[in-house]
Amino acid sequence: MIFCMILASALFIGFVFLFMTASDGMIDAMLICCKEIEIENQKNLQAEMKLLVDSMKHEEDLKDKTKIKKGKGLKKKLDTSKKRYEVLEKGKISVLEIIPITGYRLMQLLKLDITNEVVKKLNQKCIQFKEKKEAMNYTYYLLSSLFGYSLLGILLFFLILGLLLAMGFSTRSFVIASMALVVFFVLGYVPYDNVNDVIRKRKEEIENQFPQVISKMTLLTVAGMEVNQAWKLTCSNEKGVLYDEMRCVMVELDNNVPPAEAYSKFISHCNNTYTTKLGTAIIQNISKGNSEIVTLFRTLNDESWMEHKHNARRKGEAIQSKLMIPTLLMFFGILVLVILPVMSGFGF
């Protein structure tokens, strides 16, 4: 009991020390990242609201109570996000933001920077769905939150354990303290792990959309259209991750960004074998005037559709394997329903 309280006191002093010694630069970095998160959140909410309104207009049903309720919920979330951004803009931080600031300072003391393998891998993942600078800020924010919540969880573990032992609890005290530790660790780990879910969903969506994209581009270039015009026409009026990344390329080209840089960013954001081949081919076509671009598009088209078929087959096999256990359970259940009456009839 005394040992636990001493450890809890030491961890509390350490936690306060880390927060108090955090530099203004760390606080500014955390605020910038939080503002970037809120801006992205607002864009997503606005896009979702637009899709909802377009859906209601298309169906000519502007009085759908379910959709109206959903729209009000989205509007409320948007207003909350805007208020949150205004608070961050003024440089104010809440109590919860003390935790990642502490994590920033702990990472600094541990000398965890971009040269560290864990930080580097996480940053490479974040680059796929964020700009380079934003990805770096987000990487440090995720890791600092993980460190900060983990440290706070350990602190509460020993504090709760010591208090419960002092109150006369025995076995239950360790269980309750462990629950507090797990809760705070999960709070820090969920955003960190969410990056893998985002990458997985992006990867699946890009893989599903690429065959349609390359088919349309092949058709347009065979008809004599220039690659840039085919690119623009392919991504216009279409929805999806790959189409969004293609539109980002067009925006950058309109802003006089060098084509090689714009398509290189497209390659790094998509991080797919076929998008890499497509982007590389277009860069070579622009710089060297590759006359075989149409042939290359046709080859990519054939390869991507073949891979699409293989992926569909693999997904089907995976679904079948997942259904095997429920099917066996149903089979055994039917056997029990059939055998029990028979056995009772024979007096067993």
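The lining of the largest pocket splits by class into 21 nonpolar, 21 charged and eight polar residues. Keep in mind that this is a predicted model. Below is a quick tour of that pocket, then helix H6, then how some of the helices pack.

**The largest pocket**

- The pocket holds about 2,100 Å³ of space.
- Of the 50 residues that line this pocket, Glu40, Asn41, Lys43, Asn44 and Phe129 are the closest to its centre.
- Five helices each give two or more residues to the lining: H2 (24–58), H6, H7 (171–222), H9 (241–254) and H10 (259–270).
- H2 hands over the largest share of the lining, with 14 residues.

**Helix H6**

- H6 covers residues 132–166, so to speak a run of 35 residues.
- From its first C-alpha to its last, H6 reaches 51 Å, and that is close to the 51 Å expected at 1.5 Å a residue.
- After H6 comes Gly168, with a positive phi near 100°.
- Besides giving two or more residues to the lining of the largest pocket, H6 turns up in two of the packing pairs below, with H5 and with H1.

**How the helices pack**

- H1 (residues 2–20) and H6 have axes that come within 8 Å and cross at roughly 150°. Angles over 145 degrees count as roughly antiparallel, so that is the label for H1 against H6. The handedness of this crossing is left.
- H5 (residues 117–127) also meets H6: their axes come within 9 Å, crossing at roughly 130°. That angle makes the H5 and H6 pair oblique. H5 goes past H6 in a right-handed crossing.
- H2, the helix with the largest share of the pocket lining, packs with H4 (residues 98–109) at an angle of about 125°. The axes of H2 and H4 are 10 Å apart. At that angle H2 and H4 are oblique to each other, and their crossing is right-handed.

**Putting it together**

- If you're starting from the pocket, H2 is the helix to look at for lining residues, as it supplies 14 of them, and you can then follow H2 to its right-handed crossing with H4.
- If you're starting from H6, you have its 51 Å reach, a roughly antiparallel partner in H1 and an oblique one in H5.

Notes: Residues numbered from 1 in each chain as written. Predicted model: local features only at pLDDT ≥ 70, side-chain atom pairs only at ≥ 80, totals over all residues. Heavy atoms only, no water. Helix = DSSP H or I, 4+ residues; strand = E, 2+ residues; numbered from the N terminus. Expected span 1.5 Å × (residues − 1). 1 Å grid on protein atoms, 1.4 Å probe; cavity = no way out; pocket = protein on both sides within 12 Å on 5 of 7 lines; lining within 4 Å. Points joined across faces, edges and corners; volume = space filled by probe spheres on them. Nonpolar A, V, L, I, M, F, W, Y, C, P; charged D, E, K, R; others polar. Axes fitted to C-alpha atoms, helices over the stretch in contact; angles between N-to-C directions. Parallel < 35°, antiparallel > 145°, perpendicular 65-115°, else oblique. Left-handed = near helix turned anticlockwise from the far one by under 90°.
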